[in-house]
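Student: Hi! Could you walk me through this structure when you have a minute?
Tutor: Happy to, let's pull it up.
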Amino acid sequence: MNLKILSFADALAGRSGLFISGIFSGSKRSCPENVDNIVIIKFLGYGSLILAAPVIFAIKKHYPGAKLILYTTKNLQPHAGMLKLFDETAVLTPEKPLHSIFTLFKLRRRLSSGRTLVINLEFLSKTAIFLAGFLRGSYCLSLTEKEYSPLDRAVLPDQQSTTATMYDKLLTVFKIKNDTGEYAEYLNSHYNVQPLKQIIIAPFCSNLSLRRLWNNEKWSLLISHIRTVFPDYSISIIGAPSDRKSAQKIIENSKVNCGIHNYCGEISFEQTAILMKQSSCFCGIDSAPLHLARLTALPSVSLWGATDPFLLTREIPDYPEIIIFARQKCTPCVHSKRKCPFPEGCLNLIDTKIVMSAVSDLITGKIKARKNIIC
């Protein structure tokens, strides 16, 4: 994915669409008491979709008779089923413009026949804002930096807004509260498994920003330490099919040749959720698996540098986790075009011994709630 080209195309198509739709848009409407369909628009970032899941669940409960439709891309579509929220999906395929237009008009025609709520979660995409307005329905709500004509309501962030609180602010429109714990119980009810002595390692992320990575040599050293200190625990490395070779090199360099498995590309995200419910501890960087671990209440150690954990996570009461944050003056820089002042990225300032100590504290039960380590 070329993010520069994607950003340019989004700005060009989105701004043009918003200008045209602004001319023909109708009057603003009120939030309906009853709806037949709820459309959620989310194109990029499975981690942020996971972060939004408790909010989507609360809206789904508020409208129990409505069908929940996810309008998304083919990259997110395979994973969305794991959340156990959506009744169906409609897919946007940018590489197939005619198919995308056909799908969009088909969805618009379907929504115009009943009471529909359209919610756009793509805060940075102008195209998504336009599409939300184009689909319209009975009521159209979007996370945006300002009001746009096609929208019935825009939820605007303030200076204190984090990603989690931006999603939570959507619920103020419906006058309902978010309960992350309630959604976690709902999700966990679908994954009733026998717990095992197992540690999950998640070293990889999408190419939305590779500045989030901790180098492979450090992961190998960490795995070697874990095997020495906790020899009766198995280790599972998770990631995408494209991560499989890197995971294998991590394993080879760790010199651990038993009780470790490379699951990269072998299991679906739903199977990953089951694996997490069986496990004792998670250790990884800021990526979708981390947000999934937090959602399933798997105790976690997370490594941060280019992204800010206090902006991208909501604190969960009584959830044991250790956040290790290599905070710098330039943090966060995840989408910045500036040259990184650190040759290997700021995340690699985190010492392996700190991470190993954090993993040990979680496994031995020393940590009962969130602990922040700034280094």
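Tutor: We'll go through a sheet, a helix across it and a cavity, bearing in mind that this is a predicted model.

Student: Great. In what order do the strands of the open sheet come?
Tutor: Seven strands run β9-β8-β7-β10-β11-β12-β13, with parallel pairing.

Student: And which are the edge strands?
Tutor: Those are β9 (260-262) and β13 (370-374), each paired on one side only.

Student: What does the twist average from one strand to the next?
Tutor: The average is 15°.

Student: How many bridges join β7 to β10?
Tutor: Four, between residues 198-202 of β7 and 281-285 of β10, and the two strands run parallel. Within this pair, Ile200 of β7 sits opposite Phe282 in β10.

Student: Nice. Which strands does helix α10 lie across?
Tutor: Helix α10 (residues 269-278) lies across β7, β8 (234-237) and β10. Its direction makes an angle of about 135° with β7.

Student: Switching topic: how many cavities of 30 Å³ or more are there?
Tutor: The count is one, and the space in this largest cavity is about 80 Å³.

Student: Which residues line the largest cavity?
Tutor: The lining is made up of Ile50, Leu51, Pro54, Thr180, His291, Arg294, Leu295, Arg314 and Ile316.

Student: Which helices supply at least two of those each?
Tutor: α2 (46-62) and α11 (288-295) do.

Student: And what's the lining like by class?
Tutor: Five residues are nonpolar, two are polar and two are charged. The charged ones are Arg294 and Arg314.

Definitions and conventions. Residues are numbered from 1 along each chain as its sequence is written. This is a predicted model: local features need pLDDT of at least 70, side-chain atom pairs count only at pLDDT 80 or more; totals for chains, interfaces and linings use all residues. Side-chain values use heavy atoms; hydrogens and water are left out. Two strands pair if DSSP finds at least two bridges between them. Axes are lines fitted to C-alpha atoms, for helices over the stretch in contact, and angles run from 0 to 180 degrees between N-to-C directions. Contact means heavy atoms within 4.5 Å. On a 1 Å grid over the protein atoms alone, a cavity is a set of points where a 1.4 Å probe fits but cannot get out, and a pocket is an open set with protein on both sides within 12 Å along at least five of seven lines; lining residues have an atom within 4 Å of a point. Grid points are joined across faces, edges and corners, and a volume is the space filled by probe spheres set on the points.
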